[in-house]
Amino acid sequence: MIDAPLSRPDTNEARWLAWGRSAFAVVVVAVLVVLGIANVATYSRWHDVEDGVLWTARPEGVVAAEVVPRSTAASAGIERGDVLLAVNGQPISTAADVVDVQHRSRAGERLVYTLLRLGTRQALAVTLVPAPRGTSLYFALAAVGLFTLLVGASVRLRRPRDQATLHFFWLCVAFFGVFTFTFNGPFDRLDWVFYWGDAIAFALLPPLLLHFTLVFPERPNQNPNENRNAERRTVNAERPAWLVPAMYAPALSLAAARVITIARASNGGVSGPALSGALEWIDRAEPVYLFVCAVAALAVVVRGFREISSVTARRQLRWIAWGTALGVGPFAFGYALPWALGVDPPLALQLTAVPLGLVPLTFASAIVRYRLRDVEVIIKRGLAYTAFGAAAVALYAAIRKVTGFVIANDADDHNWIIAALATLVVVLLARPVKDAMQNALDRVFYRDRYDYRRALVAFARDLNSDLDVVRLSQRLVARIVETLVVDRMALMLADERSGDFASIGDYGFTQPVPRLPRATSMMARLDAGHTVALDDPIAAARFVAEEVEFWRDAGTFYFVPCVFEGRTIAVLALGRKETDEPFNSEDLGLLTAVAGQVATAIENGRLYRQLRLKAEEIGRMREFNENILESLDDGLVVFDGDERIVRWNRALEGFYGVARDAAIGRALGEIFDAPFVDALRAARSEHPYGATLYRVPLASREAAPQRLLVNATEVPLQNASGDDEVVGTLLLIEDTTDRVRLEEQLQISEKMASIGLLAAGVAHEVNTPLTGISSFTQMLLEGADPADPKTVLLEKIERQTFRAAKIVNGLLNLSRPGTSSNERIDVDLNAVITDVFSLLEHQFEVGKIKVRRELSQEPAAVVGIEHQLQQVFLNLFLNARDAMPRGGWLQVATRVSGGQVVAEIADTGSGIPPEQLARIYDPFFTTKSIGRGTGLGLSITYGIVREHDGTIHCDSAVGQGTRFTLALPGAPAASEARSARR
């Protein structure tokens, strides 16, 4: 059945009730604060004096009930039972009169006491001395008490409807009374208020402490279907009805005993020794009562751990347990128990009252649920600082002892200053000591997990070395799960396009890890670098309830952002520990530190991946460009501003004969001929934006150098920034040698066709007179006398006529070199050379050319066509004649060597320039002036020699002459060559 909602009058009544409770708490706190300040002020300005006598009012007058041994009164001669009549002549009727006189006096002042002893008046001089009072520790305790009161009031005002805050408020009031209220000595009304406030607070503190542990936190109801009121009734019903009265009965008894004792002493019903003994017994009983209640409170807390299953409630109990143990424990065993056993604790043990302030602080933290997850962390740090402080105190005492021993004066007032300064220096420099204590406590708290936590921090620093994001996520998840013992975890990486977070490594999830959308209500918190804890109700209230429930149902309670440059790039999603405990601040701090390293590592991985993709893309582009450049048929050279070659493609390597590795890094002038480089520089100077040189001669660098004709195109190479800065030059070299040769052959073919037509006509026209000359010569020879000299001339005419006919027939074969229908026979080159010389003897004599013949003794026989070989030597001799217009020497030599017949023709003429040597065999190429040559002589000679399977070589030097060397196969070798060719 659903309860009906509260009506408006009920709501207003509840509001007024809460306001009334808060107002009442404020009033109580204001009154107590005023009284506390008054107590501190009175304590600070009150300087009481005493005479060492306990004066009490009796029927016979003011009587000395007790005299302190070795006091000023005992020294003056006052004894128990003496009746005080007057002080300095002022009558004394009550004990208050004595106190009043002492309050008006100062320490060291001498008073004259008029006494009545056994019926005899006596006047004794008594010197007043300062009354013993508490140490300056009171001010520290008063501050702790005032702070405790304010803490209790703030908790009450914050939650006025919570019954636990009411118990806690009165507990804080009791702590305030114990720490702040203390009587000073004047025993006026205000002083009696301080006295009774202290006494009542000390009496009620133990039961209030025990009562609070019984009602907070709330115990679970055995019947979960009942509402909260029924739960409270059930819990209260399980508690015995006599328990609460039994807790407060000793406190009321002790308070009543104190009231009765003081009341009877005021009426004279109790003697001085009895009064002191009674009050001392009560003062010793109260710490025992506190000790018993504190032990019982701890037992209640321990039992609560077994009854309560809520994580929050168990954390609250831990606050209470640790606060009670650390606050009450030192006081109970260091002060209360020895005091109860009759031992007067020294000042060092009296300081154990200071940790009592931890009790209300920890209780307040438990009530308001402040840092419930950090109980162990705060306790551990508190223990570390306490141990460090104790070590500092011990060090101070040791240094002071050592200082007194060294100076040989323990009473020197400056020893403590030296010891304090030395201790301060050591403490400031003792960071390693504090760290060692902290590490020791960490080992105690974390036990076997301590090394894992340290290893996790070191592991996080090493994450940057792993640039594989997936492998990094797997290693990270495994290490965090091992260190913090979590039930599930996932590393979620932001998608670069959508921004949503998806798992790239997880542990403990039975279902696929849900995606965390970028539009989630938690993203603003994550982007700000804050950890999201969904098991914290206050923190979870910031987000959409449906999202919180969704992730809780998925077993995920914590999201730790991995932030890089103000944006979350990844999220550590975690469940709870396997013990179902939430993470404390140290755990979250450790995860935050790891997340920072993870963010850097992931970003490094992303940058590395992008760099790798970019490098691969650049590599593909470079390879594509390389393929384009290497696929060019033309040569490509790139050189920088210093003419250092930086690029050399395969085509240029092929036709120029210089390997890429040999060219890269070398100067342009070291690779190419000087004339070629000079031509490039001149073109670059005249045309800075690019120029082309056509048919530039270039000698290759192959083993057998070849003369090349190339087209060279220069283009300035500009940088990529587009500022027109020239960083080098791109040179494109096109090998046109074959194309030029084909063009020249085409031209030659066309000329040969024309010459063939001309030769056919000339042969027809010339053969007719030659036939007549030959016929007439033969007719004259038929009747000529062999001894007649004219017969020899006629024979020469006949032979030359036949030779002329052969030449005319040879014109027909000019366009078809290498083909002839003439029969090849054994021919002696010596005879051929002799016949040709006989034709040119007259021309050599006219040209002042002297001939030196060095013909071989043995026959220089070759297989060939005699008239063609005559044409070869005729052309060479005529070229030698033309090269020596002013005369000179012509040397002809033959020899047989290695189955070959070698003929050498050398002249002392003008010589041939080196750049023209490669073209001397080209048809129609001539170095002679116009009208002096056709350019066909050496071309025909070359064709005839090649047709006879021979070689021809030319060596020439300008101004020194020219030497042609012909090598033709000897007659047997020529036969073998022809057989192999067939």
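A residue counts as buried when its relative accessible area is under 20%. With that cut-off in hand, let's work through this predicted model together.

**Exercise 1. Decide whether Arg 156 is buried or exposed, and find what it touches.**

*Solution.* Start by placing the residue: Arg 156 sits in helix H4. Next, take its relative accessible area, which is 5%. The cut-off for buried is under 20%, so Arg 156 is buried. Finally, look for its contacts, skipping residues up to four places away in sequence: Arg 156 touches Arg 21, Ala 25, Asp 162, Thr 165, Leu 166 and Phe 169.

**Exercise 2. Do the same for Thr 791.**

*Solution.* Thr 791 belongs to helix H27, which covers residues 789-812. Its relative accessibility is 6%, so Thr 791 counts as buried too. With residues up to four places away in sequence left out, Thr 791 touches Leu 781, Ala 784, Asp 785 and Pro 786.

Now step back to the whole chain. Of the 982 residues in the protein, 40% are buried. The protein has 32 helices and 25 strands. Among contacts with a separation of 6 or more, 63% link residues 24 or more positions apart.

**Exercise 3. Find which helices supply the largest nonpolar core, and which residues touch the most other members.**

*Solution.* The core has 45 residues, and those touching the most other members are Phe 168, Leu 171, Phe 175, Leu 205, Leu 209, Val 328 and Phe 363. Now trace the core back to its helices: H4 (137-158), H5 (163-180), H6 (189-215), H8 (243-266), H9 (272-307), H10 (311-340) and H12 (358-368) each give at least two residues. H6 provides the largest share, with 9 residues.

To see one member up close, pick Phe 175. Apart from neighbours within four places in sequence, Phe 175 is in contact with Gly 145, Thr 148, Leu 205, Leu 356, Val 359 and Pro 360. There is also a second, separate core of 35 residues, and its members include Ala 860, Val 862, Ile 944 and Ile 952. Keep Ile 944 and Ile 952 in mind for Exercise 5.

**Exercise 4. Work out the strand order of the sheet that contains E9, then say which helix packs on it.**

*Solution.* First, the order: five strands make an open sheet, E10-E9-E13-E12-E11, with antiparallel pairing. Second, the edges: E10 (501-507) and E11 (532-533) each have a single partner strand, so one side of each has no neighbour in the sheet. Third, the link at one edge: E11 is joined to E12 (residues 558-564) by 2 bridges, and Ala 533 has Tyr 558 as its bridge partner in E12. Fourth, the helix: H17 (residues 469-484) packs on the sheet and touches E9 (489-494), E10 and E13 (567-574), with its direction at about 150 degrees to that of E9.

H17 has a helical partner as well. The axes of H17 and H21 (residues 585-631) come within 11 Å and cross at roughly 170 degrees. Angles over 145 degrees count as roughly antiparallel, so H17 is roughly antiparallel to H21. On the H17 side of the contact are Val 469, Leu 472, Leu 476, Ile 480 and Leu 484. The residues they meet in H21 include Leu 590, Leu 591, Val 594 and Val 598.

**Exercise 5. Describe the sheet that contains E24, and explain what covers helix H31.**

*Solution.* Begin with the strands: this open sheet has five, in the order E20-E22-E23-E25-E24, and the pairing is mixed. The edge strands are E20 (849-854) and E24, each pairing on one side only. On average, neighbouring strands of this sheet are turned by 10 degrees against each other, direction ignored.

Then take the E24 edge. E24 and E25 pair in the antiparallel sense over 7 bridges, and Ile 952 stands opposite Leu 966 in E25.

Now add the helices. H31 packs on the sheet, touching E24 and E25, and its direction makes about 140 degrees with that of E24. H29 lies across E20, E22 (888-897), E23 (900-907) and E25, at about 20 degrees to E23.

Last, look at H31 (residues 937-947) itself. Its buried residues are Leu 938, Ser 939, Thr 941, Gly 943, Ile 944, Val 945 and Glu 947. Their cover includes H29 (866-883), E24 (951-957) and E25 (961-969). Just after H31, Asp 949 takes a positive phi of about 60 degrees.

How values were computed
Residues numbered from 1 in each chain as written. Predicted model: local features only at pLDDT ≥ 70, side-chain atom pairs only at ≥ 80, totals over all residues. Heavy atoms only, no water. Pairing = 2+ DSSP bridges. Helix = DSSP H or I, 4+ residues; strand = E, 2+ residues; numbered from the N terminus. Contact = heavy atoms within 4.5 Å. Axes fitted to C-alpha atoms, helices over the stretch in contact; angles between N-to-C directions. Buried < 20%, exposed > 50% of the residue type's maximum accessible area, 1.4 Å probe, protein only. Core = buried A, V, L, I, M, F, W, Y, C linked by side-chain atoms within 4.5 Å. Parallel < 35°, antiparallel > 145°, perpendicular 65-115°, else oblique.
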